[in-house]
Amino acid sequence: MAVREAVAVKTYGNYINGQWIPSESGQWFESKSPVTGDVLAKFAKGTRADAVRAIDAAEAAFPAWSKMPPPKRGLILLRAAQIMRARKDDLGAVVSSEMGKVIAEGKGDVQEAIDFLEYISGEGRRLLGETTPSELPNKFCMTIRRPIGVVGCITPWNFPMAIPIWKIGAALISGNTIIFKPASITPLCVARLVEIFEEAGLPPGVLNYVTGGGGTVGMEIVENPRVKSISFTGGVPAGRDIYVAAAKNLKPVELELGGKNPQIVMDDANLELALDGVLFGAFGTAGQRCTATSRLILHEKVYDQFLKALVARAESFVVGDPLDPHTDMGPVADHAAGESIMEYIEIGKKEAKLVTGGYRLTGGMYDQGFFIKPTIFETKHGTRISTEEIFGPVLSVIKVRDFDEAIRVANDVEYGLSSSIYTHDVNLAFRAMEELETGITYINAPTIGAEVHLPFGGVKNTGNGGREAGTSAIDEFTELKTVFVDYSNRLQKAQIEDEK
Ligand code: UN1
């Protein structure tokens, strides 16, 4: 058992213009451990008026921040990364304690945030535009990048440090100021990040943090015309509401939504490797990654053998306290998440064949949090459990005859975030790269594990075309301006031919 230290419960307010202040509502809410139910910290129950105050602060901070040379902005981000690195163990424990992922993954969440800040701080020395020849003599053409203004960031609980930092880091290096709303079950993780940015020397008003409901704080961010763009990661229904509401002001919205990510295993694959891959992909983070493997598409020739080995390994998974280094899988994020996963498991029991798991663990510590046994169903393609996002430790296994059927099944869902194929056939690997309808495809690796310097995002209902991370993060948070410099000293007319 891991040792939990009793720590005084800290009260955080909203962080507006460099000050921690209570909500004008005077109300508070608690963030609780999904393992013990202990209160970890208290947070302001923010309102629309609090959000407006934060927008005022962000607007006031914008002129100076956007004029600071980007490499100098980068130095502040790099300092924040250094502080995070020095506190990685502590921050990893905060992630595990508040969200419930196992400690190795908690630290991984922090590492992903550090990696991104280190990467994006260097982009401050690039923020590349283009130069290109003009069709006219003595004329110069180029594009430059401009910040957008005040941007709104709304994040989920499953990567409570990495995803906020993808957005904050990219928005700041690009010269924007921010109003940020974290998921209400992981506000502590983001509060700790905000403190680190303050220590790193971020000027007041550049990053404002308001906690509270999606329908109040969230909707003010989305609807207020002074917030110039929105970056949202979460579920499809909320993403759709945000997109529609923001459209009234023609506000750009970046959406990173759900997934139903397949791992294909062909008959020539390294089966041991594919087995390690699917276990990590399906049950890592208790299946609560957008990129989690929720479908295993198995070639019929290896089906029985592979499924047998998979069930044996899944049954030996240690489910328990995420702070204990021997634990393979922690609880799901909260009671509501657990209930929704159990509903899908009940649906699965009716429409498919349960091969292992399928129940909530009970007794002792299991009664405090919501712990679900790794669950595997054998199913035909097309059932609800094999096509709808469950966001929990539930895997659907589907048998296919050949590569073409595998691709057809993989693509026949509404989402398109991540996919994977295990094969040694280079021809099939290249066909899979082209034919799988997802934003990310892995060859001989699981569907999870994106790296920060490459674009992240998906097709179909996974998003609306944008990509986070990588250099595409800069595209999300800048406006392109096209500049023509005419040094001919005469009026030159593009498209209108000079007859002389
Ligand atoms: C997410 O689940 O929303 O690819 C992000 C991965 C992580 C990021 C996942 N690096 O698994």
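The largest cavity in this predicted model holds about 90 Å³ of space. A search of the whole structure turns up two cavities of 30 Å³ or more, and there is also a pocket to visit, the largest one, with about 870 Å³ of space. After these spaces, the briefing turns to three pairs of helices: α2 with α4, α5 with α6, and α9 with α10.

**The two cavities**

- Around the largest cavity there is a lining of 15 residues. Those nearest its centre are Gly 287, Ala 292, Ser 294, Glu 389 and Phe 391.
- Sorted by class, the lining of the largest cavity has six nonpolar, six polar and three charged residues.
- The second largest cavity contains about 50 Å³ of space.
- Lining the second largest cavity are Tyr 15, Gly 18, Val 194, Phe 197, Glu 198, Leu 202, Pro 203, Pro 204, Gly 205, Val 206 and Leu 207.
- Which element gives the largest share of the lining of the second largest cavity? Helix α6 does, with three residues.
- The lining of the second largest cavity comprises eight nonpolar residues, two polar ones and one charged one.

**The largest pocket**

- Some 35 residues line the largest pocket, and Trp 157, Gly 234, Gly 235, Val 236 and Ala 238 are the ones nearest its centre.
- Four elements each give two or more residues to this lining: α7 (214-223), β11 (229-233), α8 (236-247) and α11 (335-351).
- In terms of class, the pocket lining is made up of 20 nonpolar, 11 polar and four charged residues.

**Helices α5 and α6**

- Here is a helix you have already met at the second largest cavity: α6. Helix α6 covers residues 187-199 and packs with α5, residues 162-173, at an angle of about 30°, the two axes being 11 Å apart.
- That angle makes α5 roughly parallel to α6, since angles under 35 degrees count as roughly parallel.
- The α5 and α6 helices cross in a right-handed way.
- On the α5 side, the contact is made by Pro 164, Ile 165, Ile 168 and Leu 172, while α6 brings Val 190, Leu 193 and Phe 197.
- Phe 197 therefore turns up in two places, as part of the contact with α5 and as part of the lining of the second largest cavity.
- This contact has seven nonpolar residues, with no polar and no charged ones.

**Helices α2 and α4**

- Helix α2 (residues 70-86) packs with helix α4 (residues 103-123) at an angle of about 155°, and their axes are 8 Å apart.
- How are α2 and α4 arranged, roughly parallel or roughly antiparallel? They are roughly antiparallel to each other, because angles over 145 degrees are counted that way.
- The crossing of these two helices, α2 and α4, is left-handed.
- From α2, the residues in the contact are Gly 74, Leu 77, Leu 78, Ala 80, Ala 81, Met 84 and Arg 85. From α4, they are Val 110, Gln 111, Ala 113, Ile 114, Leu 117, Glu 118, Ile 120 and Ser 121.
- By class, the α2 and α4 contact consists of 10 nonpolar, three polar and two charged residues.

**Helices α9 and α10**

- The axes of α9 (residues 271-283) and α10 (residues 303-315) come within 10 Å of each other, crossing at roughly 50°.
- These helices, α9 and α10, are therefore oblique to each other.
- Their crossing, α9 with α10, is right-handed.
- In α9, the residues that take part are Leu 271, Glu 272, Ala 274, Leu 275, Asp 276, Val 278, Leu 279 and Phe 283. They meet Gln 305, Phe 306, Ala 309, Leu 310, Arg 313 and Ala 314 in α10.
- The α9 and α10 contact includes 10 nonpolar residues, one polar residue and three charged residues.

Technical notes: Residues numbered from 1 in each chain as written. Predicted model: local features only at pLDDT ≥ 70, side-chain atom pairs only at ≥ 80, totals over all residues. Heavy atoms only, no water. Axes fitted to C-alpha atoms, helices over the stretch in contact; angles between N-to-C directions. Parallel < 35°, antiparallel > 145°, perpendicular 65-115°, else oblique. Left-handed = near helix turned anticlockwise from the far one by under 90°. Contact = heavy atoms within 4.5 Å. Nonpolar A, V, L, I, M, F, W, Y, C, P; charged D, E, K, R; others polar. 1 Å grid on protein atoms, 1.4 Å probe; cavity = no way out; pocket = protein on both sides within 12 Å on 5 of 7 lines; lining within 4 Å. Points joined across faces, edges and corners; volume = space filled by probe spheres on them.
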